[in-house]
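Please load the model in your viewer, with the sequence panel open beside it. The tour below moves from one selection to the next and says what is to be found at each stop.

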Amino acid sequence: MSKSTEPEEPGGSAAPTLAPGAPRAPIWAAVSPQEWNDWRWQLMHRLSSAGELRQVIRLTPEEEEGIAAEQHFRIDVTPYFASLMNPDDPTCPIRRQVIPTRRELIGFQAAMVDSLSEEAHSPVPGLVHRYPDRVLMLVTTQCASYCRYCTRSRIVGDPHVQFSRQHYATQIEYIANTPAVRDVLVSGGDPLMLPLPILENLLQRLRDIPHVQVLRIGTRIPIFLPQRIDTEMVAMLRRYHPLWMNVHINHPREMTAEAFAACTRLADAGIPLGCQTVLLAGINDCPNVMKELVHALVRARVRPYYLYQCDLVPGAGHFRTPVGKGIEIIEALRGHTSGFAVPTYVIDAPGGGGKVPIGPQYLISQSDRRVVLRNFEGFITTYSEPEDYAPHDPSRCPACQRRLDEEGQEGVVGLLAGERITIAPEGFERIHQRLTRIRWRPIKKALAEEGEA
Ligand code: SF4
């Protein structure tokens, strides 16, 4: 059964920047290459029970307990991805992402079922309108395999929660009636799990909306099921340019020859590829693992886009790292490798605040004449401010005149532009009216009145 007797490095692997083609676990040794490379065969033979998983890996008591739990998040692993797991090492970074353990059942205080408040930001079911000019359109709850830390575990994988044609119609109607939306991110679940005609119909209807400039797809299919990125899929997608794709990739060992080939097919079709990585304890919380990952990505023409702090969702507590770990990783990347290989580290703000970028500080101090900076080596330098800067004049700038109203979401940009003086938390004015509530009088007048009394 054993594919490797080598112990795993903690949270890492002995893999070079591009892992070789996926091995095959012995139970599938006799499967023909035609079947193995057929995405339908892969989906039909997914592993979902302890009995099936035991045929591929040696389950630990912790894993057995996680699998046996009554209400666990859905388990399904494609044979392709299961073959990447080390059968003898429960710390294997591939295995830990898809096999539950007892620790998944342990709650933590900050956990929230919908930690990003997506439901509260959904004007219609499955459509999240959080930012001024773009929306997130959830089109399916199904994935090829299921990540134990899934942000949308409240709906993903649940066979009773499905988006219908009526939901799609309502979502598209909202987008068509909202001219501010210029960018639609199609996600789920995994949109590439939809039957091709259904996905194409959705992309076509979105493309028919004149103000929708850019379509995006969020997917993990090139990693869980690279066989699905076939010529038919790619030929369909390329008809809907400009179409961008964000692929969820967490570890260099996921970048097998098969995943590399899938990304190549997409990139050759002119689809700009970005990577979204979730920072996961014991899996990729290591600057060197992360450096191997970003190097593998850029070789596959995938731009490292976001490094996410793990969300506060139930079941994901043991995957969380301190925020400082993410900052340390960015510190180890910025300046130490190509700038375009450095993702933006973000916390998706609990409560629906959107992505907040965080990272090391490089600006040490500033005056009106100079800023003091440090570089990645700790070298401290200064940049002198211009003495004759003629400020930009928005009244003479065509782009400023064309700018669309952001309806209360201008934020700090609005403060800098002088459009408002403050941003106050809810209830601020009411709280600060307390002085009038207790009938405040000028002190001189109050003293005088008390003297007369
Ligand atoms: S692929 Fe994405 S949506 Fe599916 S389980 Fe993983 S994180 Fe969740």
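Before the first selection, two terms are needed: two strands are said to pair if DSSP finds at least two bridges between them, and helices (H or I, at least four residues) and strands (E, at least two) are DSSP runs numbered from the N terminus. What you have open is a predicted model, in which local features need pLDDT of at least 70 and side-chain atom pairs count only at pLDDT 80 or more, while totals for chains, interfaces and linings use all residues. Residues are numbered from 1 along each chain as its sequence is written.

**The central sheet**

Select the strands from β1 to β9, which form an open sheet of 9 strands in the order β1-β2-β3-β4-β5-β6-β7-β8-β9, with mixed pairing. At the edges you will find β1 (127-131) and β9 (354-357), and since each has a single partner strand, one side of each is left without a neighbour in the sheet. Direction ignored, neighbouring strands are turned by 30 degrees against each other on average, where axes are lines fitted to C-alpha atoms (for helices over the stretch in contact) and angles run from 0 to 180 degrees between N-to-C directions.

**From β3 to β6**

Next, colour β3 (residues 183-187) and β4 (residues 214-219), which pair in the parallel sense over 4 bridges; to follow one bridge by eye, start at V184, whose partner in β4 is L215. Moving on across the sheet, β4 and β5 also pair in the parallel sense, over 5 bridges, and here R216 stands opposite W244 in β5. Strand β5 in turn pairs with β6 (residues 273-278) in the parallel sense over 4 bridges, with V247 opposite C275 in β6.

How many residues of β5 are buried? Of the 6 residues of this strand (residues 243-248), 5 are buried, so β5 is largely enclosed by the rest of the structure. A residue counts as buried if 20 or more other C-beta atoms, placed from the backbone, lie within 10 Å of its own, as exposed if 12 or fewer do, and as partly exposed in between.

Then add helix α13 (residues 323-333), which lies across β7 (302-308) and β8 (344-349) and runs at about 160 degrees to β8.

**The ligand**

Centre the view on the ligand and show what surrounds it: C143, Y146, C147, C150, R152, V156, G188, G189, D190, R220 and H248. A residue is near a molecule if its C-beta atom, placed from the backbone, lies within 6 Å of it. This shell divides into 5 nonpolar, 3 polar and 3 charged residues, with Ala, Val, Leu, Ile, Met, Phe, Trp, Tyr, Cys and Pro counted as nonpolar, Asp, Glu, Lys and Arg as charged, and the others, Gly among them, as polar.

**Backbone details**

Stay with G188 and G189, which are joined by a cis peptide bond with omega about 20 degrees; G189 is found in the loop between β3 and α8 (196-207). A second cis bond leads from H241 to P242, with omega near -5 degrees, and P242 has its place in the loop between α10 (231-237) and β5.

Most residues other than glycine have a negative phi, and most peptide bonds are trans. With that in mind, select R301, a residue with a positive phi of about 60 degrees, in the loop between α12 (287-299) and β7. Because 15 other C-beta atoms lie within 10 Å, R301 is partly exposed.

**Domains**

Finally, colour the chain by domain: domain 1 (26-105), domain 2 (127-357) and domain 3 (406-453), with bounds that come from an automatic or database domain assignment. The C-alpha centres of domain 1 and domain 2 lie 23 Å apart, and their contact takes 23 residues from domain 1 and 20 residues from domain 2, two residues being in contact if their C-beta atoms, placed from the backbone, lie within 7 Å. On the side of domain 1 that touches domain 2, α2 (39-44), α5 (79-82) and α6 (93-98) each supply at least two residues, and the largest share, 5 residues, comes from α6. By class, this side of domain 1 has 12 nonpolar, 5 polar and 6 charged residues.
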